[in-house]
Amino acid sequence: MKTVNNTTYKGTTVSVYDNKHEASIAVAQQIADLIKSKNEAGEKAVLGLATGATPIEVYNELIRMHKEEELSFQNVITFNLDEYYPMEPTAKQSYVAFMNEHLFDHVDVVKEHVNIPDGEIASDDVAAYCEAYEQKITSYGGLDLQLLGIGRTGHVGFNEPGSTVDSLTRLVELNEVTRADAAANFDGIAHVPTHAITMGVGTIAKAKKIILMAWGEGKAEIVQKALESEITTEVPATYLQEFDGVEMVLDKGAATKLSL
Ligand code: PGA
């Protein structure tokens with residue numbers, strides 16, 4: 001039986017599920033409902049998507065809904081949060097490869113509707129490219145829903161400690177903790193890129209709904225800080241406390257250090 005405990009803490013909805021499977025199904029359902037209601041209205045659904053281990057089961061459930069329940073992605077526009085820089089899209093560690101493997105290759109999304117920061121853009125062109133990425137999001141009326149994971153540094157996207165609340169899509173230097181966490185995927189930290197292109201905190205802030213997901217006790221400490229510590233650039237996820245439409249979706253493990 002599904003058990004979910006919903007609370008509101010300082011304006012953030014906190015939904016705690018028994019396990020990440022149930023939580024992921026609930027998030028996928030919200031996404032499917034958005035896609036369907038936009039489709040019925042003859043509109044596009046604009047999704048901000050995340051990579052990493054956290055959203056994989058959400059994507060699995062969306063694929064299942066596409067295959068078994070005819071959920072169509074034809075009216076879906078996607079913008080991914082980030083990409084390593086430099087990064088060839090064909091490399092197995094690229095977020096292009098990740099999204100193809102875990103979602104796009106298995107649903108009917110229109111290729112031209114998929115947007116992932118270009119890890120091959122020439123360094124002289126990065127600033128203009130990032131501005132165009134922002135403008136493209138705006139041209140679709142903004143993000144209807146942004147999915148987020150949270151890193152051990154408290155980053156959202158690759159907005160590492162030091163990021164400002166009004167930061168926009170830009171080239172950033174990765175934190176050493178983040179690079180260490182990625183080392184296994186790159187055969188050692190020496191091969192992890194030092195930089196990335198990421199949507200900014202201010203880009204995320206403009207999304208109409210934000211769902212931050214975290215699973216397992218390993219995330220409990222940073223989840224507690226994100227929700228309950230004072231807002232600080234040292235933990236960029238704390239900025240979410242002052243944004244509208246934020247839901248934190250957790251399993252029991254990730255919620256263990258919360259005081260609620
Ligand atoms: P994870 O990463 O989903 O692989 O835990 C989250 C993040 O770094 O944002």
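The following exchange covers the ligand site, the pockets and two backbone features of a predicted model.

Author: Residues are numbered from 1 along each chain as its sequence is written, and side-chain values use heavy atoms, with hydrogens and water left out. In this predicted model, local features need pLDDT of at least 70 and side-chain atom pairs count only at pLDDT 80 or more, while totals for chains, interfaces and linings use all residues.

Reader: What makes a residue one of those around the ligand?

Author: A residue is near a molecule if one of its heavy atoms lies within 4 Å of it. The residues around the ligand are Gly 52, Ala 53, Thr 54, Gly 149, Ile 150, Gly 151, His 155 and Lys 219.

Reader: Why is the pair between Thr 54 and the ligand called a polar contact?

Author: A polar contact is a pair of N or O atoms within 3.5 Å. A polar side-chain atom of Thr 54 lies 2.4 Å from a ligand oxygen atom, so the pair counts as a polar contact. For a side-chain N or O atom of Lys 219, the distance to an oxygen atom of the ligand is 2.6 Å. For His 155 the corresponding distance is 2.7 Å. On its own the ligand has 280 Å² of accessible area (Shrake-Rupley method, 1.4 Å probe), and the protein covers 70% of that area.

Reader: How do you know that the ligand sits in the largest pocket?

Author: A molecule sits in a pocket if more than half of its atoms lie within 2 Å of the pocket's grid points. The ligand sits in the largest pocket, so it meets that condition. A pocket is an open set of points on a 1 Å grid over the protein atoms alone, where a 1.4 Å probe fits, with protein on both sides within 12 Å along at least five of seven lines.

Reader: What makes a residue part of the lining, and which are closest to the centre of the largest pocket?

Author: Lining residues have an atom within 4 Å of a point. The largest pocket holds about 900 Å³ of space. Its lining has 33 residues, and the closest to the centre are Thr 51, Gly 52, Ala 53, Tyr 95 and Asn 185. H3 gives the largest share of that lining, five residues.

Reader: Why is Lys 10 singled out?

Author: Most residues other than glycine have a negative phi. Lys 10 is not a glycine, yet its phi is positive, about 45°. Lys 10 is in the loop between strand E1 (4-9) and strand E2 (12-17).

Reader: What makes the bond from Tyr 85 to Pro 86 cis?

Author: The peptide bond from Tyr 85 to Pro 86 has omega near -5° and is cis. Most peptide bonds are trans. Pro 86 is in the loop between E5 and H3.

Notes: Polar contact = N/O pair within 3.5 Å; in protein donor to acceptor, adjacent residues only side chain to side chain. Points joined across faces, edges and corners; volume = space filled by probe spheres on them. Helix = DSSP H or I, 4+ residues; strand = E, 2+ residues; numbered from the N terminus.
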